[in-house]
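Here are a few exercises to work through with the model open beside you. Try each task before you read its solution.

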Amino acid sequence: MKSWFFQKSSRVRRVLNLWPPFLFSGIRITELSDDYRHCRVELKNWPGTRNANGSQFGGSLFAMTDPVYSLMLMGLLGSRYYIWDKSAHIDFIRPGHSKIFVECDISDDMLRQIRTATESGDKYLPEIKSVLTDEKGETVAVVTRTLYIRLKPAFRPSESNADK
C-alpha cells in the first residue's frame with residue numbers, strides 16, 4: 001500500500017488535499033515536486049479558518065506543517081525507515097489576516113545527515129524549522145518540528161555484522 005501511495009508525488013498531494021484535517025481546515029498543498037524535495041502549502045483566508053479575533057486560527061497554522069516533512073522523507077527514503085513526528089513547537093510572531101504560505105525543502109545535505117546518523121541503526125532526531133508567511137511575505141509563525149528517523153529492524157546492521 002505504502003509503495004503505491006508514494007509512487008507519484010501528485011497522488012500524495014491529491015490524497016492529502018482530501019484528507020479531512022487539511023480539507024476542513026482550509027489547508028491545501030499547492031506544490032509537491034516529483035522528487036519530494038519541495039512542497040508548498042497554503043492556508044485559505046475564509047471565515048472557517050479565522051478565530052474570534054478575525055486572524056487565522058493557530059491550530060490551522062500549526063497543522064499546515066504537520067505531515068509534510070515526514071511524508072516528503074518517506075517519499076525520498078522509501079520503506080526502510082520509520083519516520084514520525086516526535087515533537088513540535090510553534091512561535092506566533094504576528095496575527096495572520098490573509099492567506100498563509102509555507103515552503104518546505106529537503107536538501108542533499110539533510111539527506112546525507114539522515115543517512116549518516118542512522119546507518120548504524122541509531123535513531124536520529126533532526127529539528128526542522130518552517131517559516132509561515134502571509135501574502136506580504138511577513139512572518140506569521142515559526143514551527144519547529146523534531147522528527148524521529150530510524151532504520152527499521154530488518155535494515156539495521158546486526159551486532160554480528162558489526163564485529164566483522
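**Exercise 1. In what order do the elements of the chain run from the N terminus on?**

Start by counting: this predicted model has 7 helices and 6 strands. Then walk along the chain from the N terminus, and you should read α-α-α-β-β-α-α-β-β-α-β-β-α.

**Exercise 2. Describe the overall dimensions, surface and charges of the chain.**

Begin with the C-alpha atoms, which fill a box of roughly 65 × 30 × 25 Å along the principal axes. Next, turn to the surface: the accessible area is about 9100 Å², and carbon and sulfur atoms contribute 51% of it. Of the 164 residues, 42% are buried. For the charges, take the mean position of the 24 positive ones and that of the 19 negative ones; these two points lie 6 Å apart. Finally, look at contacts with a separation of 6 or more: 67% of them join residues 24 or more positions apart.

**Exercise 3. Is Thr146 buried or exposed, and which residues does it contact beyond its sequence neighbours?**

First, place the residue: Thr146 belongs to strand 6, which covers residues 139-151. Second, compare its relative accessible area of 11% with the cut-off of 20%. Thr146 counts as buried because its 11% falls under that limit. Third, set aside the neighbours within four places in sequence; the contacts of Thr146 are then Trp84, Asp85, Lys86, Ser87, Leu125, Pro126 and Glu127.

**Exercise 4. Now do the analysis for Glu135: where does it lie, and is it buried or exposed?**

Glu135 is found in the loop that joins strand 5 (127-133) to strand 6. Its relative accessible area is 54%, and the cut-off for exposed is over 50%, so Glu135 is exposed. Leaving out neighbours within four places, Glu135 still touches Ser98, Lys99 and Phe101. As a last step, check the distance to Gly96: 39 residues separate it from Glu135 in sequence, while their C-alpha atoms are 9.3 Å apart.

**Exercise 5. How many aromatic pairs does the structure hold, and which rings have a charged end over them?**

A search over the rings gives 5 aromatic pairs. Linking rings through such pairs brings out a cluster of Phe5, Phe6 and Tyr36. For the charges, try the arginines: the charged end of Arg11 sits over the ring of Trp4, 4.2 Å from the ring centre. Likewise, the charged end of Arg145 is over the ring of Phe62, with 5.2 Å to the centre.

Terms used: Residues numbered from 1 in each chain as written. Predicted model: local features only at pLDDT ≥ 70, side-chain atom pairs only at ≥ 80, totals over all residues. Heavy atoms only, no water. Phe/Tyr/Trp six-rings, centres within 6.5 Å; stacked < 30°, edge-to-face > 60°. Lys NZ or Arg CZ within 6 Å of the ring centre and 35° of its normal. Helix = DSSP H or I, 4+ residues; strand = E, 2+ residues; numbered from the N terminus. Buried < 20%, exposed > 50% of the residue type's maximum accessible area, 1.4 Å probe, protein only. Contact = heavy atoms within 4.5 Å. Areas by Shrake-Rupley, 256 points an atom, 1.4 Å probe, with all protein chains shown as cover. Lys, Arg positive; Asp, Glu negative; His and termini not counted. Charge placed at Lys NZ, Arg CZ, Asp CG, Glu CD.
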